[in-house]
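Trainee: I should like to learn how to read helix packing, strand pairing and backbone geometry in a model. May we work through an example together?

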Amino acid sequence: MKITRIEAIPFAIPYRKPLKFASGEVHIAEHVLVRVHADNGIVGVAEAPPRPFTYGETQAGIIAVIDSLFAPQIVGLSLLDRETVHTRLARTVGNPTAKSAIDMAIWDALGRSLDVSVTELLGGYTDRMRVSHMLGFDEPSAMVAEAEKMRDTHGISTFKVKVGRRPVSLDTAVVRALREHFGDGVDLYIDGNRGWTAAESARAMREMADLDLLFAEELCPADDVLGRRWLVGQIGVPFIADESAVTPADVTREVLGGSATAISIKTARTGFTRSQRTHHLAEGLGLEVVMGNQIDGQLGSLCTVAFGSAYELTSRRPGELSNFLDMSDDLLTEPLRITDGELTVRPGAGLGAEIDPEKLRRYRQDH
C-alpha cells in the first residue's frame, strides 16, 4: 500500500447562480481534483476548493504546492503512514485545502484497500446526516422562495442564512421573512462571514431576539478581540467560530478566550486527520459542533457526510451538505441525492465515489 503518485487536476464547473456572502461571491467552482495512487492499483480521490478570500489559496497555487512540495515528501510512504503525512505537510504553513485533499484521498485509498468505508474507519456511528441548506444574499422574497424549494424538493428544514450587509436591517428583514413564512416548521441560524462590527452584530441580534435562532456564526472579525468577547458574552445563542478556528489551537484560543462557544468543522480545510483532532477537542470541551461547507462540490460534500456520520457529536446537528445543488454539473458518475432532508454515505469501500471520466475530460483545465 505504498503511495506511488499524486495528481492535482484543475477543473471548472459553473454555478447555476452565484452564491454571495459578506466576504466574497462564487460564480464558478474552480476546484482541484486530487488523486492518490498506490502500488496495489488503488486510487483515492478528494477535491480541494480554493477560497482566496478566506484562506488565500488559488487553483494554480494548490496545484503548484502539491506538485512541487507535497507530492515529493509523500510518495513512497504507506497509506497507513497518516501521521507521518500529517507531520510532513505541517512543515509548510497555510495551504489548508491542498493538505486536506491529500489527506482525504489517502483515507479513501486506505478504505478501498481494506474494503471498508471511510466512515467505518473513522468511527462508524451512523450512515447519514440531516441536511442544512445555506442561503446566500438576495431579496427576502427570493430567499424565502429558495428555502421553500429546498424544503419541498429535498425535505430540508434547517437553513443557514448569510448575513453581514449594511445596514443590518437588510439581513434582519430576510431572517424575519423566513420565520414569518415558515413559522416553527424550520430551524434558522445566521453566518456573518465577519461582515459586521461587534456593535452592529449586537444590534442585529437584538432585532432578531424573537426569531428563535439556533446559532450565530462569525458575525464580526475574531481580530476585534475585545469587541468579539463583548458580543459573545451577551447574545443568547451559541456563537460558532468558523474561519477563525481552523486548527485545534485556534479552537482552544477562541473558546478559552471567550470569543466562541461552538465550532464548525470543515473537512475541506482540515481533512479527516485534523478534523478528528478538532472533534475530540470539542467533545472534551463540551462544545456544539456543526459540519460546515466550503461551497463544496459533490465529492467534497461526500467527504463531509462521511466524517460527520462517523461520530455522535457531529451527526447530532444537521450538516451543511447541499451547496452542490447550486452547481450546473459535477464529476461523480452517480449524483448525490438528498431525500427526506437527509444525505447518506455511499455504500462500498472508501468514500464510495467514482469519477466520471467523460465529465472530467469535459471540465478539466490542464489540456
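The dialogue below takes up these topics in turn.

Mentor: This is a predicted model, in which local features need pLDDT of at least 70 and side-chain atom pairs count only at pLDDT 80 or more, while totals for chains, interfaces and linings use all residues. Residues are numbered from 1 along each chain as its sequence is written, and side-chain values use heavy atoms, with hydrogens and water left out.

Trainee: At what angle do helix 1 and helix 3 pack?

Mentor: Axes are lines fitted to C-alpha atoms, for helices over the stretch in contact, and angles run from 0 to 180 degrees between N-to-C directions. Helices (H or I, at least four residues) and strands (E, at least two) are DSSP runs, numbered from the N terminus. Here helix 1 (residues 59–74) meets helix 3 (residues 96–114) at about 50°, and their axes are 10 Å apart. Angles under 35 degrees count as roughly parallel, over 145 as roughly antiparallel, 65 to 115 as roughly perpendicular and the rest as oblique; helix 1 and helix 3 are therefore oblique to each other.

Trainee: Which residues make the contact?

Mentor: Contact means heavy atoms within 4.5 Å. Helix 1 contributes Ile62, Val65, Ile66, Phe70 and Ile74, and helix 3 contributes Thr97, Ala98, Lys99, Ile102 and Ile106.

Trainee: How does one read the surroundings of strand 4, and is the strand mostly covered or uncovered?

Mentor: Buried means under 20% relative accessible area, exposed over 50%, and partly exposed in between (1.4 Å probe, protein chains only). Strand 4 (residues 128–135) is mostly covered, with 6 of its 8 residues buried. For pairing, DSSP must find at least two bridges between two strands. Strand 4 pairs with strand 12 (residues 342–344) in the antiparallel sense over 3 bridges, and Arg128 stands opposite Thr344 there. With strand 5 (residues 158–162) the pairing of strand 4 is parallel, over 4 bridges, and Met134 faces Lys160. Strand 11 (residues 319–320) also runs parallel to strand 4, joined by 2 bridges, with Ser132 opposite Glu320.

Trainee: Where is the cis peptide bond, and which residues other than glycine have a positive phi?

Mentor: The bond from Arg166 to Pro167 is cis, with omega near -5°; Pro167 lies in the loop between strand 5 and helix 6 (169–182). Arg194 has a positive phi of about 65°, in the loop between strand 6 (187–191) and helix 7 (198–207). Asp212 has phi near 55° and sits in the loop between helix 7 and strand 7 (213–217).

Trainee: Why do Arg194 and Asp212 fall into their accessibility classes?

Mentor: Arg194 counts as partly exposed because its relative accessibility is 27%, whereas Asp212, at 57%, counts as exposed.
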